[in-house]
Amino acid sequence: MDALLAIRARGITKCFGDVVALDGIDLEVAQGRIHGLVGPNGAGKTTLLGLLLGLAVPDGGRLEILGTPVEWALATPDGVAGFVDGPGLYPSLTARQNLAALAALRGRDARTAGIDEVLDEVGLTEVADDRTRGFSLGMRQRLGLAAALLTRPRLLVLDEPSNGLDPAGKQHVNGVLTRLAAQGSSIVLSSHRMDDLEALCSEVTIIATGRVVFSGPLGKLAADDRALDYRLRTSDPVAARRLAEGTDGVRIDDGAGARPDGANTLVVRARVPALDDLVERLVRAGIALRELAPVVSPLEAAFLALTGQPREQPSQERTQEAGR
Ligand SMILES: Nc1ncnc2c1ncn2[C@@H]1O[C@H](COP(=O)(O)OP(=O)(O)O)[C@@H](O)[C@H]1O
Ligand SMILES: [Mg+2]
């Protein structure tokens, strides 16, 4: 089975002085998959992805990439491309010239390297002859992706690629990555936000302070039956509150997650069976249900709980975003 793995990492450790950045990381990614690496700032994502790209050497552990053990020669393993901490670009060169320089470094003829194709693929054709000095972060990310695509990688490693991308840009890049995976390439990409990865990845590894706290399919993460905050809007908020107060397993949360506009909105914290009970009682009492939605997506909530981050902060952020 191992022959089908794009990445097989066992017990990877990496320290910077006293800081243990990676503390025994195991990671398996099958070929053709889009695997998300998610964790809060400082979790160790960039350090781990840097090891996959051959940019650093671990202090311990074993790593096989595309079936070959990595010998830690500080070189990017064959078939791997990508970047960490944003792509390195020459600011005084245009997008096209940057790609041509990279192709030349790899001993390829710029005319036949497929530069126009990759620029088109990432949506940079119109700015191909602009100097990258003026590029936004999102444009730089796209150009970094184009540079990686130029090598036709079998394993693509991207560190927070959606940073700086607007929603349309994100969708575009997701499309590129999905096509690439459908053609058999494997992709590992990181984010500090679960919701960045939900649309793209079928499986994730969650790390916190250098350790894996979850690895597996998203479905398994979402199936977790912890209590979540739900926003509940009904035709009769006073009666709804009374019923919620009287339902076992349901707790009213008047703090976080309540919408500023929301006299009609109640935030309740419950597991799914208790929530079902409440809905049934509301309907039986003739109260119309106008909105029932988790304040934070179940995946994001699982991520926050696993990484020990407070739930209040993101839900307030989300509330402000929704109110804008
Ligand atoms: N070159 C470095 N020198 C010292 N400490 C580092 C270095 N790179 C990373 N670290 C530390 O290692 C930990 C993991 O960092 P990093 O991999 O950048 O996390 P993430 O990408 O998840 O935000 C952090 O505590 C960070 O401060
Ligand atoms: Mg990072």
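These questions and answers concern a predicted model, its ligand 1 and its two domains.

Trainee: Which element gives the most residues to the shell around ligand 1?
Mentor: Strand S2 (19-30) and helix H1 (45-52) each supply at least two residues of that shell. Among the residues around ligand 1 are Lys45, Thr46 and Thr47. With 3 residues, the element that gives the most is H1.

Trainee: How do the residues of the shell around ligand 1 divide into nonpolar, polar and charged?
Mentor: The residues around the ligand include Phe16, Val19, Asn41 and Lys45. Gly counts as polar, and Gly42 and Gly44 are among the residues around ligand 1. The division is 5 nonpolar, 5 polar and 1 charged.

Trainee: What percentage of the accessible area of ligand 1 does the protein cover?
Mentor: A backbone N or O atom of Gly42 lies 2.6 Å from an oxygen atom of ligand 1. Polar side-chain atoms also approach ligand oxygen atoms, at 2.7 Å for Thr46 and at 2.6 Å for Thr47. Of the 560 Å² that ligand 1 has on its own, the protein covers 57%.

Trainee: How far apart are the C-alpha centres of domain 1 and domain 2?
Mentor: The domain assignment places domain 1 at 2-218 and domain 2 at 228-323. Their C-alpha centres lie apart by 37 Å.

Trainee: What is the area buried between domain 1 and domain 2?
Mentor: The size of an interface is often given as the accessible area lost when the parts come together. Here 14 residues of domain 1 are in contact with 10 residues of domain 2. Carbon and sulfur atoms give 64% of the buried area, which is about 900 Å².

Terms used:
Residues are numbered from 1 along each chain as its sequence is written. Chains are lettered from A and ligands numbered from 1 in the order in which they are written. This is a predicted model: local features need pLDDT of at least 70, side-chain atom pairs count only at pLDDT 80 or more; totals for chains, interfaces and linings use all residues. Side-chain values use heavy atoms; hydrogens and water are left out. A residue is near a molecule or strand if one of its heavy atoms lies within 4 Å of it. A polar contact is a pair of N or O atoms within 3.5 Å; within protein, one must be able to donate a hydrogen and the other to accept it, and residues adjacent in sequence count only if both atoms are side-chain atoms. Accessible areas come from the Shrake-Rupley method with a 1.4 Å probe; for residues, only the protein chains shown count as cover. Helices (H or I, at least four residues) and strands (E, at least two) are DSSP runs, numbered from the N terminus. Domain bounds come from an automatic or database domain assignment. Contact means heavy atoms within 4.5 Å. Buried area is the accessible area (1.4 Å probe) that two parts lose on being put together, summed over both.
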